[in-house]
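The questions below take up single residues, then strands, helices and the contact between chains. Each answer ends on the item asked for.

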Amino acid sequence: MEAKKAFYQEYEVFSKRTYKSPFQHQFSLLAPNEEIAMVMAQENFMRREPVVDIWVVKRSEVRKLDETERFALQRLDNKQYRSTKGYGYLKKKWREYEQNMLDEKEILSWGGDGKQ
Amino acid sequence: MANMVSFDRLSEEEKHARFMERIAAGEKIEADDWMPEEYRVALIKLISMHGISEIMGALPEKEWVPKAPTLRRKLGIMAKVQDEMGHGQLLLRVAEDLMKPYGKNREDIMQDLFSGDLKFHNVFHMPAPTWGDAGLIGWLVDGAAIITQTNMLHASYGPYARALQRICAEEVFHAQHGEAIIMALTEGTQEQRAMVQDAFNRWWESLLMFFGPAQASTTGSSKQDVTIKYNIRTKTNEELRQDFFSKYIPRALSIGLQLPDSTMHFDEESKMWVYQQPDWNKFKQIIKNNGPKSKERLRLRQLSYHNNEWVREALSPMNKVV
């Protein structure tokens, strides 16, 4: 019985859909070791969707937040100085100087020649 | 918010109130979160039954892999059987995480199935003797499953809702696979059309039973009230059955099938389908593993479990030779 219980190890599965995309959690599975976990990850979760990379992680190695800790993740709504929202008035200012605002959309478009 | 900082110090009532607030606000409950015992028990019952049914359902379908009429049909039904096993794997994981506080795992789920404590869906106790049955299962049994499963896509329990998202996306393929078989047969010879009608007649009662009785009093128990109370699903058994009729009866008639219940009609006033009730005592017997194929299918599962026992032992990390 003990041997049987030990057979079922929990693994969490993560995968990437494309080279550009971040790893995404898929689901969990049971497997006796990481090699079989990897095979089952493909069989269970990637029968159709494109996939370029897979991670399997033993669940016991994951430090998760508990319910109380997750509650502490709520943000106070007074952090505009940290975001562009707190500097939105600049748009009007620049217009007074007959210039366009260099906003996030504009700045992030500068990498390379625009091709992905 | 301040009183939430020490969640562990809340009384059971306060935890329950907070839990109800969370689900009312559309938040998702996760495996390690506090939850009422009634919620956990209802989920375990629902999801372990759903998961094991996926696996038991793959058994009658896989019988059709060697007998499917063309290579394309073989590949199609094989892919479907593989999906059903995959759905079983997903759902059992969800159930196992919920059972953890009781010290139970997959081994216990299998033993509960073999002992009859864990039930599987009524439709999977029935025979599927012809290719018409294979098509009908894909079209209407999967169609019925889509109706009940999409009703739980927004379930308050996060892991189940996420599993259902994956499952329902694949069920769309299953339903179309079934429709393609049925369409080919109904557009075929007289004999092929008769095969579909025959399968439709054979599965009619099982399809009515699929959604469960309208009232708990019919069979003595029902989880529908608890699952609705906790936002696991929104519609009652009867509402789901009516939705199924509205979606599928017009389609069945359009391809020339006759309704097995000649008294069935849509009542314009109540906006409900009026139909003859299936034999609910028979239903009770079927789900107690006294259906026509119950024992045979359980034996198949049992055999494969025992035949593979050496693999579980050999690969158990505890037996690893270092």
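Q: In which loop of chain A does Leu76(A) lie?
A: This is a predicted model, in which local features need pLDDT of at least 70, side-chain atom pairs count only at pLDDT 80 or more, and totals for chains, interfaces and linings use all residues. Residues are numbered from 1 along each chain as its sequence is written, while chains are lettered from A and ligands numbered from 1 in the order in which they are written. Helices (H or I, at least four residues) and strands (E, at least two) are DSSP runs numbered from the N terminus. On that numbering, Leu76(A) belongs to the loop between α3 (67-71) and α4 (90-96) of chain A.

Q: Is Leu76(A) buried or exposed?
A: A residue is buried if 20 or more other C-beta atoms, placed from the backbone, lie within 10 Å of its own, exposed if 12 or fewer, and partly exposed in between. Leu76(A) has 5 C-beta neighbours inside 10 Å, so the class is exposed.

Q: What separates the C-alpha atoms of Leu76(A) and Ser28(A)?
A: Along the chain, Leu76(A) and Ser28(A) are 48 residues apart. In space, the separation of their C-alpha atoms is 33 Å.

Q: In what order do the three strands of the open sheet in chain A lie?
A: Two strands pair if DSSP finds at least two bridges between them. In this sheet the pairing is antiparallel. The edge strands, each paired on one side only, are β2 (24-31) and β3 (53-58) of chain A. The order is β2-β1-β3.

Q: By what angle are neighbouring strands of this sheet turned against each other on average?
A: Axes are lines fitted to C-alpha atoms, for helices over the stretch in contact, and angles run from 0 to 180 degrees between N-to-C directions. With direction ignored, the average for neighbouring strands of this sheet is 30°.

Q: Which residue of β3(A) stands opposite Lys16(A)?
A: Strand β1 (residues 9-16) of chain A joins β3(A) in the antiparallel sense over six bridges. With β2(A), β1(A) pairs over seven bridges, and there Glu10(A) faces Leu30(A). On the β3(A) side, the residue opposite Lys16(A) is Asp53(A).

Q: Which residues make up the uncovered face of β1(A)?
A: The covered face of β1(A) holds Gln9(A), Tyr11(A), Val13(A) and Ser15(A). The uncovered one consists of Glu10(A), Glu12(A), Phe14(A) and Lys16(A).

Q: At which residue does α5(B) bend?
A: Helix α5 (residues 131-150) of chain B has 20 residues and an expected span (1.5 Å times one less than the number of residues) of 28 Å, which agrees with the 27 Å between its end C-alpha atoms. Since 18 of the 20 residues are buried, α5(B) is largely enclosed by the rest of the structure. A bend is the angle between axes fitted to the seven residues ending at a residue and the seven starting there. For α5(B) the bend is about 35°, at Ile137(B).

Q: Which residues does Gly132(B) touch, not counting those up to four places away in sequence?
A: Gly132(B) sits in helix α5 of chain B and is buried because 24 C-beta neighbours lie inside 10 Å. Its C-alpha atom is 5.7 Å from that of Ala199(B), 67 residues apart along the chain. Taking contact as C-beta atoms, placed from the backbone, within 7 Å, the residues touched are Leu185(B), Met195(B), Val196(B), Asp198(B) and Ala199(B).

Q: How many of the 26 residues of α2(B) are buried?
A: For helix α2 (residues 37-62) of chain B, the expected span is 38 Å, and the end C-alpha atoms are 38 Å apart, which agrees. The helix α2(B) is mostly covered, and its number of buried residues is 19.

Q: What is the phi of Asn289(B)?
A: Most residues other than glycine have a negative phi. Asn289(B) lies in helix α11 (residues 280-290) of chain B and is partly exposed, with 16 other C-beta atoms within 10 Å. Its phi is positive, about 70°.

Q: Which helix supplies the largest share of the side of chain B that touches chain A?
A: The contact involves 21 residues of chain B and 22 residues of chain A. At least two residues each come from α3 (71-99), α4 (106-115) and α13 (309-315) of chain B. The largest share, five residues, is that of α3(B).

Note on methods
Contact = placed C-beta atoms within 7 Å.
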